[in-house]
Amino acid sequence: MAGKPPASDPVQDAPEVSEPQHSAVGLPAITHALRISQQQMGVRRTALTLLRVNQKDGFDCPGCAWPEPEKRHTAEFCENGAKAVAEEATLRRVTPDFFAAHTVADLAGRSGYWLGQQGRLTRPMYLEEGADHYEPVTWERAFDIIGEELTALDSPDEAVFYTSGRTSNEAAFLYQLFAREFGTNNLPDCSNMCHESSGSALTETIGIGKGSVLLKDLYQADLIIVAGQNPGTNHPRMLTALEQAKAGGTKIISINPLPEAGLERFKNPQTPRGIAGGGTALTDLFLQVRLGGDQALFRVLNRLILEAAEQDPGSVDEEFIREHTHGFEEFARTARADDDWDATLRATGLSREEIESALRMVLGSRRTIVCWAMGLTQHKHSVPTIQEVVNFLLLRGNIGRPGAGVCPVRGHSNVQGDRTMGIFERPAPAFLDALEKEFGFAPPREHGLDVVRAIRALRDGQAKVFFAMGGNFVSATPDTDVTEAAVRRARLTVHVSTKLNRSHVVTGARALILPTLGRTERDLQAGPDGGSAEQFVTVEDSMGMVHASRGRLEPASPHLLSEPAIVARLARRVLGGASRTPWEEFERDYAAIRDRIAHVIPGFENFNTRVAHPEGFALPHAPRDSRSFPTATGKANFTAAPVEYPKVPEGRLLLQTLRSHDQYNTTIYGLSDRYRGIKNGRRVVLVHPEDARALGLADGAYTDLVSEWTDGSERRAPGFRVVHYPTARGCAAAYYPETNVLIPLDHTADTSNTPASKSVVIRMESPQGS
């Protein structure tokens, strides 16, 4: 059936539930990945495409940003990566006839899953003001429409330029360059909603907002702590690295409110033991922390390390602290004063024995890495939590040592590279100075809008044009009703996309969908002599490695443009002769873009030469490379923030939003969550059996989720099936984007302004109307 999109939107309100699994991947993952791939691509296309994913002469997976090993397997992809590739390389097509058959109102009533299953977009589509159908439009007319709206603004700051994490380095650099030549720093991106807390915490403490480890460090570590992360679903290839580390003697502590199958046992599909045997038990100690209790956990570990040093000075790295850190005395006083065990146990939900077991493993390790993801970054107190993790590593000299360091595991494929390229609403003065010197214009210096502030600006009529380079903005953001109403106030919304999603049907007065090439597709650009030349792009992985990505498939439609070409043509239309930037050259030759990146961004010197190496190259990282810290103090900074954790009233639970296994960010591949035992449904809420019984919630009962806020406001998500599940006591979990409606726009992390979607106080009510 490849090439034919599904005809109807399946019902999603009757999920089937079985026991959660205690191992991940294995033969079922292979079977599921191949079945979806063949449904979308057919047998031959599946083989041709999957064998090029993450290969040195192939394309970078459009899914997660986990780095590739130097020695790569023939099948260097995971189940969810195969799903991402299948949906991009699908034979299904969304043509103008599709839009003629469906009004925008009809499409707005469909599920995100159904929209995504329709296939690849093939033509630029335009929704005129007052119209109820998208209609095909030429590229020239599309750029004219955008130009009309942008040049009619009273200020460039009335435009918002959003970026998704899969945009290439070349496209991201051009995009931020265009926005700044246009006159604004309104460059929100998906980092604002995920690892912004990591960047904020790390920039203050070690001077650079990126992780300090390379893949080889995992294999040299004595101890790896995985906190607030589910690699089995979100970064499955990480399990292979953890298995290799484990084979070398590394111990693993996992810290999470939910038991995660991949961290319990990994059945590596690339080995006989993984397919036919029992796989590898990964976690040596599972700490089932209460939501938001991670700061309290790392604080008590730090206090206990300091106490151990009173008997054994070697428990801390005194030389490293003396030579390379600042603020130790204040930190130590604060940590020693936090000696209330009862408060610690309430905050963490752990026993004293569990914490002391973790301490013994920490003290037995000379080289420790802490990995984390959204479970740490999406709380109100996320920044001090991550700073406490840094304190923990600094105490024992575990930054700038092989086999040790900070490892924030980024999500989308090039989300870290986009930030490196300048996609940031608060650019550093040095970066703007370099742009000005290279391109001969004065970039704006005022800080722009992040995601949350952009939604407020749209809501309040202060922003009138919204342009998205990829992504699914309205489904990724909090406060769904508020966000959708805000977007609908825009004069124009524009989305550069490969597939349909919810954001295409929540529009401004006018709307454009601009179809673009995917990672899997060949990118040919016309040269000045009338010929054409094949181009490649580059990406930066989660550990700061930059490498090339080359698609090989024929484009899904002859009407597609690459992202760099879209930006270059838009810039020529909007900026005209006032711009000295060689946009036409950039469109036809991406090497010319890379030459300019090399002049502007430190670490990219000789970019074209270095990226020609099959492995790519590592960007410099001063704390890792030389134990130098580019902070205001010139050293790594200890911090001493007070311990915080969410307080939950009697009869309420603390909810976290999360992904299912059939999901990547807001892209829904299917309606099941195999590892958690959920089939054919997404509106489920996972609740500990004892909590459920105390609240009178039978397994299988239906309930509305009502979030409660200190200002007295409430938000409701109706019709969720209760699933008795071994979560941490007092905690619950449900999938996003269905639960984004529960999170107010102003419920954000301090400092980073990241939506705090991992700590939502809820009550359960009988469904309205029942």
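These are my notebook entries on a predicted model, taken up one topic at a time.

**Entry 1. Cysteines**

I searched the whole structure for disulfides and got zero. I then checked Cys78, which is in no disulfide. The nearest cysteine sulfur to that of Cys78 belongs to Cys64 and is 5.8 Å away. The cut-off for a disulfide is a sulfur pair within 2.5 Å. I also looked up burial: Cys78 is buried at a relative accessible area of 14%, and Cys731 is buried at 2%. Both values count as buried because the limit is under 20%.

**Entry 2. Helix 8 against helix 29**

I described this pair in the usual two terms, the angle between the axes and the distance between the axes. Helix 8 covers residues 169-182 and helix 29 covers residues 590-600. Their axes are 10 Å apart and the packing angle is about 65°. I therefore noted helix 8 as roughly perpendicular to helix 29. The class of roughly perpendicular runs from 65 to 115 degrees. I recorded the crossing of the two helices as left-handed.

Next I listed the residues that make the contact. Helix 8 supplies Asn169, Glu170, Phe173 and Leu174. Helix 29 supplies Tyr590, Ile593, Arg594, Arg596, Ile597 and Val600. Sorted by class, the contact of helix 8 with helix 29 has six nonpolar residues, three charged and one polar.

I kept one general remark beside this list: an α-helix has 3.6 residues a turn, so residues three or four places apart point the same way.

**Entry 3. Helix 9 against helix 21**

Helix 9 is residues 196-205, and helix 21 is residues 382-395. I found that their axes come within 8 Å and cross at roughly 50°. Helix 9 and helix 21 are therefore oblique to each other. I noted the crossing of helix 9 past helix 21 as right-handed.

On the helix 9 side, I listed Ser197, Ser198, Ser200, Ala201, Leu202, Glu204 and Thr205 in the contact. On the helix 21 side, I listed Ser382, Val383, Ile386, Gln387 and Val390. The class count for the contact of helix 9 with helix 21 came to six polar, five nonpolar and one charged.

**Entry 4. Cover over helix 9**

I stayed with helix 9 and asked how many of its 10 residues are buried. Eight are, and the helix is mostly covered. I wrote down the buried residues of helix 9 as Glu196, Ser197, Ser198, Gly199, Ser200, Ala201, Leu202 and Thr205. The elements that cover these buried residues include strand 14 (368-372), helix 20 (374-377), helix 21, strand 15 (405-408), helix 22 (415-420) and strand 24 (636-637). I also noted that Gly207, just after helix 9, takes a positive phi of about 95°.

**Entry 5. Phe331**

I located Phe331 in helix 17, residues 328-337. Phe331 is buried, with a relative accessible area of 1%. Leaving out residues up to four places away in sequence, I found that Phe331 touches Asn302, Leu306, Glu388, Asn391, Leu395, Phe638, Thr639 and Ala640. I also took one distance: the C-alpha atoms of Phe331 and Arg303 are 9.9 Å apart, at 28 residues apart in sequence.

**Entry 6. Gly228**

Gly228 is in the loop between strand 8 (223-227) and helix 11 (231-234). I asked whether Gly228 counts as buried or exposed. At 9% relative accessibility, Gly228 counts as buried. With residues up to four places away in sequence left out, Gly228 touches Ile255, Asn256, Ala373, Met374, Gly375 and Leu376. For a longer look along the chain, I took Thr477, 249 residues from Gly228. Their C-alpha atoms are separated by 20 Å.

**Entry 7. Backbone exceptions**

I looked for departures from a general pattern: most residues other than glycine have a negative phi, and most peptide bonds are trans.

Asn606 is not a glycine, yet I found a positive phi of about 55° there. Asn606 lies in the loop between helix 29 and helix 30 (607-611). At 56% relative accessibility, Asn606 counts as exposed.

Thr751, also not a glycine, has a positive phi of about 75°. I placed Thr751 in the loop between strand 32 and strand 33. Thr751 is exposed, with a relative accessible area of 66%.

For the peptide bonds, I noted the one from Tyr736 to Pro737 as cis, with omega near 10°. Pro737 is found in the loop between strand 32 (731-735) and strand 33 (760-765).

How values were computed. Residues are numbered from 1 along each chain as its sequence is written. This is a predicted model: local features need pLDDT of at least 70, side-chain atom pairs count only at pLDDT 80 or more; totals for chains, interfaces and linings use all residues. Side-chain values use heavy atoms; hydrogens and water are left out. Buried means under 20% relative accessible area, exposed over 50%, partly exposed in between (1.4 Å probe, protein chains only). Axes are lines fitted to C-alpha atoms, for helices over the stretch in contact, and angles run from 0 to 180 degrees between N-to-C directions. Helices (H or I, at least four residues) and strands (E, at least two) are DSSP runs, numbered from the N terminus. Angles under 35 degrees count as roughly parallel, over 145 as roughly antiparallel, 65 to 115 as roughly perpendicular and the rest as oblique. A crossing is left-handed if the near helix is turned anticlockwise from the far one by less than a right angle, and right-handed if clockwise. Contact means heavy atoms within 4.5 Å. Ala, Val, Leu, Ile, Met, Phe, Trp, Tyr, Cys and Pro count as nonpolar, Asp, Glu, Lys and Arg as charged, and the others, Gly among them, as polar.
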